[in-house]
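This report covers two binding sites. The structure comes first, then the contacts.

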Amino acid sequence: MNDCVFCGIAAGKIPSKKIFEDDEIFAFHDIDPKAPTHFLVIPKRHIENLMECGAEDEALLGKLLVKAQETAKDLGCGESGARFVINCKSGAGQTVGHLHIHVLGGRELKWPPG
Ligand code: AMP
Ligand code: ZN
C-alpha cells in the first residue's frame, strides 16, 4: 500500500465522510470545505493528476464527471449550480497527488478564482 491519503480513503483505511462508492470511483466530503457544499470525486485507482491520463482513461473520466454532477444535484445544487474543479500539479494548487474533482456549491462563486 502506498502512502497516498486518497488511496487510503478509497480503500476504507482512512476515515472519510463518504457520499458514494462503486468498484471504480469514490465520493466524499472535503475535510476543509470552501463552500457549504464541497465534496471530492476520485478514481479508486491511483492516478497522480489529469495530465497523466490518456485515451484508455476516457470512460473513467466520463464516469467521474457524470457522478460529480449527479451528486451535486442530489445535494441540492441543481437549481443554483456548482463549480467542478480539477487542480493539476502544484502550480495550479494541487496539494494531494491523486486525481480528484472538486465540486463546490451552496454559495455564490466568483470568477475568475484567485
Ligand atoms: P487540491 O488542493 O486540489 O489537491 O485539493 C485537495 C483537497 O483535499 C483539499 O480541499 C483538502 O481540504 C482535501 N483533503 C485533504 N485531506 C483530506 C481528507 N483526509 N479527507 C477529505 N478531504 C481531504
Ligand atoms: Zn492515490
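## Contacts of ligand 1

A backbone N or O atom of G93 lies 2.8 Å from an oxygen atom of ligand 1. The model is predicted. D30 also reaches an oxygen atom of ligand 1, here through a polar side-chain atom at 2.5 Å. V96 uses a polar backbone atom, and its distance to a ligand 1 oxygen atom is 3.0 Å.

On its own, ligand 1 has 510 Å² of accessible area, and the protein covers 85% of that.

## Surroundings of ligand 1

Where does ligand 1 sit? Ligand 1 occupies the largest pocket. Around ligand 1 there are 17 residues. Those that come nearest are D30, N87, G93, T95 and H102. Two of these, D30 and G93, have the contacts given above: D30 by its side chain, G93 by its backbone.

## Zinc site

Which protein atoms are the donors of the zinc ion (ligand 2)? They are SG of C4, SG of C7, ND1 of H46 and ND1 of H98. Their distances to the zinc ion run from 2.0 to 2.3 Å. Both cysteine donors, C4 and C7, are buried.

Along the sequence, the donor residues follow the spacing C-x2-C-x38-H-x51-H.

## Zinc geometry

Why is the arrangement around the zinc ion (ligand 2) called tetrahedral? The 4 donor atoms subtend angles of 105 to 118 degrees. The cut-off for four donors is that all angles lie between 85 and 135 degrees. The angles at the zinc ion fall within that range, so the arrangement is tetrahedral.

Definitions and conventions. Residues numbered from 1 in each chain as written. Chains lettered and ligands numbered in written order. Predicted model: local features only at pLDDT ≥ 70, side-chain atom pairs only at ≥ 80, totals over all residues. Heavy atoms only, no water. Donors = N, O, S within 2.8 Å, 3.2 Å for Na, K, Ca; no water. Tetrahedral: all angles 85-135°; square planar, octahedral: opposite > 155°, others 65-115°. Buried < 20%, exposed > 50% of the residue type's maximum accessible area, 1.4 Å probe, protein only. Near = heavy atom within 4 Å. Polar contact = N/O pair within 3.5 Å; in protein donor to acceptor, adjacent residues only side chain to side chain. Areas by Shrake-Rupley, 256 points an atom, 1.4 Å probe, with all protein chains shown as cover. 1 Å grid on protein atoms, 1.4 Å probe; cavity = no way out; pocket = protein on both sides within 12 Å on 5 of 7 lines; lining within 4 Å. Sits in = over half its atoms within 2 Å of the grid points.
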